[in-house]
Amino acid sequence: MSDTSDPIRGFEAERTDRISGYGDQRGWQASSLDWLKTAFDRKYMYNFAWGGRPIIQLPTDMAVFQEIVWATRPDLIIETGIAHGGSLVMSASLLAMLDYCDAVESGGVVDPKTARRRVLGIDIDIRAHNRQAIEAHPMSTKIDMFEGSSIEEPMIRRVHDHARTFERVLVCLDSNHTHDHVLAELNAYASLASRDSYCLVFDTVIEDLPEGTFPDRPWAPGNNAKTAVHEFLKTHPEFEIDQEINNKLLISAAPNGWLKRVK
């Protein structure tokens, strides 16, 4: 029931009620999965860019990601997996938006060279042409990059040391999508996510796609990010799947991957 005395609260209540019903829409969910199967076959998610850099994500996931950044207001976003750098640029631009909004509200100014909010990208192999393009981008003033395996102890220590001075941390895992690798990343970095922030795990949809969808990759149904998420949650009650996000997206590369830290 909407609150007619407060249009904004009424709109939000209607939205919450509407989304809660999507979880029961089995036919719609099946149609969405069929769409995703074709999207992966046709490499649909390779068609987009953010700030001029290719970003290998679905637009729906990008939209929800900005909602999360706006709601949690992190001062550090940690991302495993860099590729062409579009996701780093997106994160940096969203943090720059928060810097701008803070300045407007306080009556201050934004200095891109001294603004505190930053993005950290980690990748086992940062290709030279991608590094060059990212470092040449205007948003590079907010981006740090570490090269090396995200699950080896020296890198884990380096990332934890880097994150120590930040107060609000958001974590995004989007590198190697095998069960063992994602579970290792969750064990290494999920604890860095602040309370009421998130540890986001991408490409959990692999579990729902047909065998053979990724013939040249080591991940497949039964061995992927979603199986790692469910294994991780068995022993980490401080995290839970944000079911509102899970329900409302329908078309997403990260079903069950929207992990909110609740304690």
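Me: What makes the charged end of arginine 158 count as sitting over the ring of phenylalanine 146?

Reply: In this predicted model, the charged end of arginine 158 is 3.6 Å from the centre of the phenylalanine 146 ring. The distance limit is 6 Å, and the charge must also be within 35 degrees of the ring normal. Arginine 158 is therefore described as sitting over that ring.

Me: Why is the charged end of lysine 43 also described as sitting over a ring, and which ring is it?

Reply: The ring is that of tyrosine 46, and the charged end of lysine 43 sits over it at 5.6 Å from its centre. That value is within the 6 Å limit, so the description applies to lysine 43 as well.

Me: Why is the pair of phenylalanine 40 and phenylalanine 214 called edge-to-face?

Reply: The ring centres of phenylalanine 40 and phenylalanine 214 are 5.7 Å apart, and their planes meet at 85 degrees. Centres within 6.5 Å make a pair, and planes over 60 degrees apart make it edge-to-face; therefore both conditions are met. Phenylalanine 40 belongs to helix H2, whereas phenylalanine 214 is in the loop between strand E7 and helix H8, 174 residues apart. The pair is one of six aromatic pairs found in the whole structure.

Me: How do you know whether phenylalanine 40 and phenylalanine 214 are buried or exposed?

Reply: Phenylalanine 40 has a relative accessibility of 14%, and phenylalanine 214 has a relative accessible area of 18%. Buried means under 20%, so phenylalanine 40 and phenylalanine 214 are buried.

Me: Why is the pair of phenylalanine 232 and phenylalanine 239 called tilted?

Reply: Their ring centres are 5.8 Å apart and the planes stand at 55 degrees. Stacked would require under 30 degrees and edge-to-face over 60, so the pair is tilted. Both phenylalanine 232 and phenylalanine 239 are buried. Elsewhere, ring pairs join Trp35, Tyr44 and Phe48 into a cluster.

Me: How do you know that cysteine 199 is in no disulfide with cysteine 172?

Reply: The closest cysteine sulfur to that of cysteine 199 belongs to cysteine 172 and is 8.0 Å away. A disulfide requires sulfur atoms within 2.5 Å, so this separation is too far for a bond. Cysteine 199 is buried, at 0% relative accessibility. The search of the whole structure finds zero disulfides. Cysteine 101 is likewise in none, the nearest cysteine sulfur, in cysteine 172, being 19 Å away.

Me: What makes the contact between lysine 248 and glutamate 67 a salt bridge?

Reply: The closest N and O atoms of lysine 248 and glutamate 67 are 2.6 Å apart. The limit is 4 Å, and the contact is therefore a salt bridge. Lysine 248 lies in helix H9 and glutamate 67 in helix H3, so the pair ties together parts 181 residues apart in sequence. Lysine 248, at 25% relative accessibility, is partly exposed, and glutamate 67 is partly exposed at 36%.

Me: Why are aspartate 34 and lysine 37 said to be separated by about one helical turn?

Reply: They are three residues apart in helix H2, which means a separation of about one helical turn. Their side chains meet in a salt bridge with an N to O distance of 3.7 Å. The structure holds 13 salt bridges.

Me: How do you know which partner in the salt bridge of aspartate 75 and arginine 116 is buried and which is partly exposed?

Reply: Aspartate 75 has a relative accessible area of 9%, under the 20% limit, and is therefore buried. Arginine 116 stands at 43%, between the 20% and 50% limits, so it is partly exposed. The two side chains meet at 3.6 Å, N to O. Another group, made of Arg73, Asp99, Asp102, Arg117 and Lys142, is linked in a network of salt bridges.

Me: What makes tyrosine 100 exposed?

Reply: Its relative accessible area is 55% and exposed means over 50%, so tyrosine 100 qualifies. Tyrosine 100 lies in helix H4. With Val104 and Val110, Tyr100 makes a nonpolar surface patch of about 300 Å².

Me: Why is the phi of alanine 83 worth a remark?

Reply: Most residues other than glycine have a negative phi. Alanine 83, not a glycine, has a positive phi of about 50 degrees. Alanine 83 is found in the loop between strand E3 and H4. Leucine 250 also has a positive phi, near 65 degrees, and lies in the loop between helix H9 and strand E9.

Terms used: Residues numbered from 1 in each chain as written. Predicted model: local features only at pLDDT ≥ 70, side-chain atom pairs only at ≥ 80, totals over all residues. Heavy atoms only, no water. Helix = DSSP H or I, 4+ residues; strand = E, 2+ residues; numbered from the N terminus. Buried < 20%, exposed > 50% of the residue type's maximum accessible area, 1.4 Å probe, protein only. Patch = residues over 30% accessible without salt bridge, like charges linked within 9 Å, V, L, I, M, F, W, Y side chains within 5 Å. Areas by Shrake-Rupley, 256 points an atom, 1.4 Å probe, with all protein chains shown as cover.
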